[in-house]
Amino acid sequence: MADTVQVPELQQENYHGKVHWFRSTIFQIIVVGGVFFCGMYNALSSLGAGGLATPWYANATAAAGYVFMAFFCIVGGIIVSKIGVKTALTISSTGDIIYAGSLYLNSKNGTQWFLMLGSIISGCTDGLMYAVEGPIITSYPEPDRRGRMLGLWVFMRNAAPVIGGAIIFGLNSSTDATGAVSLKTYLVIIGIMCAGPFVSLLLSRPEQVQRKDGVRIILRETGWKRTFVEWYRVVANKNMLLLCPLFFTSWFYGSYIGTLQTQFMNVRTRALCAFVIPWGDIAGGFMIGYFLDNKRMSIKQRARWSWVGLMVINLALWIWTAIVTKQLEDSKPEIDWTSGSFFGKTFVLFLLFDLATMATQTSLYWILSHMSDDFISLSYMTGTLRGVECAGQAVAYGIKSSDTTDWLSIGLNVGLIVLSLPFAWAVVRKIGVEDFDIVRLSELDEAPGTPVDDKSISDEKLAKAV
């Protein structure tokens with residue numbers, strides 16, 4: 001497939017026919033979410049330490065996986081531009097199957113080398129997944145439905161841990177001791193994961209998508225030199241760099257929360273968490289999605305109010321976490337769902353963390369969608385920032401790969417959030433006010449000394465062709 005870049009702003013002949021459901025934007029979001037659903041990675045993650053008995057080696061393998069994930073997130077946009085959206089999505093749906101198999105063998109036979117290999121392979125394919133899903137969920141939907149489509153994407157990707165959590169809960173509800181989940185858990189999850197590559201084949205190529213506003217997705221060809229120049233111009237953009245600290249810390253909390261579950265909760269309570277807590281993600285995605293589509297406020301107001309509110313909530317949750325951590329350290333309980341206040345305060349804390357984090361993630365994607373409307377540029381943008389996010393997760397899981405003090409994780413999370421605020425605000429305050437200087441195709445054609453090969457065509461030629 002020829003490498004392509006989407007230029008919807010040059011559209012001159014809109015699509016006027018009836019939108020076929022198979023080619024609609026909502027169906028494309030459902031397909032991407034369906035691939036995530038079959039991936040079931042979040043269902044395993046919500047168990048804490050992948051469902052294993054102890055968190056330390058699982059956290060070490062997770063850290064290794066996130067290193068490779070970060071790399072493939074950053075370069076994934078280039079790969080997507082060369083092999084195509086559908087092929088990239090299909091390839092990216094295979095790695096988590098191997099990872100789940102490695103968890104099964106480690107839990108059954110103690111096979112540690114395969115757990116490390118499975119985590120690395122999963123990291124590579126998940127990095128490619130993030131590079132391809134980002135531009136789909138931000139550029140395919142119509143502008144006035146973008147927030148709700150992001151909410152639908154959150155729902156679909158978190159339906160996996162809900163359904164997977166129900167299965168996990170059903171298989172482990174009688175285990176009222178700490179330790180690993182039953183081996184049947186992994187076999188059922190692996191079976192569901194195997195459907196992912198087949199679901200990915202339902203995705204439409206960008207030029208086949210039919211939007212309700214009639215705008216077609218027009219593509220142009222570009223060669224390797226142009227690809228690398230555009231990639232560099234995007235990832236080195238000042239506004240992109242300003243968002244990096246917030247993305248670095250956006251999922252930094254996960255290793256600490258997962259470790260707490262493994263240390264203090266018995267198996268059936270962890271299984272209950274795996275089933276119920278993802279509803280917090282779904283609620284957070286839909287709540288912020290509807291807010292971001294609220295036309296009674298300007299885009300500027302929506303961007304600022306959502307960002308300020310979410311940052312306050314995230315910091316408040318870490319104050320609560322510090323209080324709960326002190327109580328857990330003093331009492332060292334084995335938490336069961338019958339444990340009264342200890343179960344209530346930890347369970348609600350974990351639920352609210354997922355709600356706030358997914359709302360923050362959704363709002364960040366919405367912000368990115370207002371920084372560019374070019375498919376490949378968005379692929380570079382979302383992939384790079386997800387790469388930074390994965391680098392943060394690699395550091396977080398590296399810290400919790402040994403029995404370090406909990407206060408180190410708490411201090412780092414609070415410090416990173418506070419550090420990121422002024423940098424992120426410099427970008428958020430521009431949403432709905434200024435045009436961003438993310439690279440445009442016309443800028444590359446006009447820039448002196450820009451290496452453009454013979455396959456590249458200018459915006460003007462493309463407009464005439466349309």
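A cavity is taken here as a set of points, on a 1 Å grid over the protein atoms alone, where a 1.4 Å probe fits but cannot get out, with lining residues having an atom within 4 Å of a point; grid points are joined across faces, edges and corners, and a volume is the space filled by probe spheres set on the points. The model is predicted, and local features need pLDDT of at least 70, side-chain atom pairs count only at pLDDT 80 or more, while totals for chains, interfaces and linings use all residues. Residues are numbered from 1 along each chain as its sequence is written, and side-chain values use heavy atoms, with hydrogens and water left out.

Six cavities of 30 Å³ or more are found in a search of the whole structure, and the second largest has a volume of about 120 Å³. Its lining includes Leu246, Tyr253, Met311, Trp318, Phe353 and Asn413, and at least two lining residues come from each of α11 (238-249), α15, α16 (341-369) and α18 (406-428), helices being DSSP runs of H or I of at least four residues, numbered from the N terminus. Six nonpolar, six polar and no charged residues make up this lining, where Ala, Val, Leu, Ile, Met, Phe, Trp, Tyr, Cys and Pro count as nonpolar, Asp, Glu, Lys and Arg as charged, and the others, Gly among them, as polar.

Helix α15 (residues 299-331) also carries valine 312, which is exposed at a relative accessible area of 53%, the term exposed denoting over 50% (1.4 Å probe, protein chains only). Tryptophan 305, likewise placed in helix α15, is exposed with 58% relative accessibility, and its C-alpha lies 9.8 Å from that of phenylalanine 291, at a sequence separation of 14 residues.

Technical notes: Buried < 20%, exposed > 50% of the residue type's maximum accessible area, 1.4 Å probe, protein only. 1 Å grid on protein atoms, 1.4 Å probe; cavity = no way out; pocket = protein on both sides within 12 Å on 5 of 7 lines; lining within 4 Å.
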